[in-house]
Amino acid sequence: MAILTQSGRAAIAAAIATRPLHLAWGTGDPAWDTAPEPETTLATGLVNEIGRRALTLWQFVMPDDNGAITVNDVDDPSITKSFAPSLGNVPTNHLYLLFNFDFLDAPAATIREIGVFIDTVVDPALPPGQKYFAPGELHNPGILLALEHLPFFNRQPSVRQTFEQVITI
């Protein structure tokens, strides 16, 4: 049986980085507030998406105990992992994604879930430069690449929400 090499994983990460990427957020299920439901690898979308934001920044990263990019471990959120930018942005199998939501993106929503989507197709009649999209403004939501259920939080119009993800292939 063939194996997927590190350079092959870096090639997949590089291919992902060249495609349209969006972070969707949703209200999820209020029952999760008392009984959190684990994410499933079979998910294809959010339970209750309210909008999505286009990618702000991406770069290849490498594990580094002293790195400035810190994210929670996928398997154990009480553990954090640190990363540093790849020197010369040389492709690695770790892809850092940054999404900056704006002040008025769903300003009063309760958020319980987020998901990274690849290949979202938005309505071409929308204004050029628009970065935030409601579900009705999508022709195709794309493919769910990563999913995370969060402890709920209530959006505030005075906060510009930022999400950082490191996708490891």
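Contacts along the chain come first. In this predicted model, 79% of the contacts with a separation of 6 or more are between residues 24 or more positions apart. That percentage covers the protein as a whole.

Next, the elements behind those contacts. The protein has one helix and twelve strands. The helix comes at the N-terminal end of the order, and the strands follow it: α-β-β-β-β-β-β-β-β-β-β-β-β. The radius of gyration is 16 Å, close to the 15 Å that the globule rule gives for 169 residues, so the protein is as compact as a globular protein of that length. Along the principal axes, the C-alpha atoms fill a box of roughly 45 × 40 × 35 Å.

Now the surface and the inside. Of the 169 residues, 40% are buried. The accessible surface is about 9500 Å², and carbon and sulfur atoms account for 58% of that area. As for charge, there are 9 positive and 18 negative charges, and the mean positions of the two sets lie 7 Å apart.

Which residues touch the most other members of the largest nonpolar core? They are L23, W25, L97, F101, V116 and F163, out of 22 residues in that core. The elements that give two or more residues to this core are helix α1, at 6–17, and the strands β1 (21–26), β6 (94–100), β7 (110–118), β11 (143–154) and β12 (162–168). Strand β7 gives the most, with four residues.

Take F163 as an example from that core. Leaving aside neighbours within four places in sequence, F163 is in contact with L23, W25, L97, L98, F99, F101, I114, L150 and F153. Among those partners, L23, W25, L97 and F101 are also on the list of core residues that touch the most other members. There is another core, apart from this one, with seven residues, including V61, I69, F83 and L98. L98 therefore appears twice in this account: as a contact of F163 and as a member of the other core.

A few single residues to look at on the screen. Start with A11, in helix α1. Is A11 buried or partly exposed? Its relative accessible area is 45%, which makes A11 partly exposed. The C-alpha atoms of A11 and N140 are separated by 25 Å, and the two residues are 129 apart along the chain.

After the helix comes T18, in the loop between α1 and β1. T18 has 63% relative accessibility and so counts as exposed. T18 and W58 are 40 residues apart along the chain, and their C-alpha atoms are separated by 9.8 Å.

Last, the backbone angles. Most residues other than glycine have a negative phi. Two residues here have a positive one, and I will take them in chain order. A106 has phi near 50 degrees and lies in the loop between β6 and β7. At 17% relative accessibility, A106 counts as buried, because the cut-off for buried is under 20%. D119 has a phi of about 70 degrees and is not a glycine either. This residue, D119, sits in the loop between β7 and β8, the latter at 121–122. At 22% relative accessibility, D119 counts as partly exposed.

Terms used:
Residues are numbered from 1 along each chain as its sequence is written. This is a predicted model: local features need pLDDT of at least 70, side-chain atom pairs count only at pLDDT 80 or more; totals for chains, interfaces and linings use all residues. Side-chain values use heavy atoms; hydrogens and water are left out. The radius of gyration is taken over C-alpha atoms; the globule rule is 2.2 Å times the number of residues to the power 0.38. Buried means under 20% relative accessible area, exposed over 50%, partly exposed in between (1.4 Å probe, protein chains only). Contact means heavy atoms within 4.5 Å. Accessible areas come from the Shrake-Rupley method with a 1.4 Å probe; for residues, only the protein chains shown count as cover. Lys and Arg count as positive and Asp and Glu as negative; His and the chain ends are not counted. The place of a charge is taken as NZ of Lys, CZ of Arg, CG of Asp or CD of Glu. A nonpolar core is a set of buried Ala, Val, Leu, Ile, Met, Phe, Trp, Tyr and Cys residues joined through side-chain atoms within 4.5 Å.
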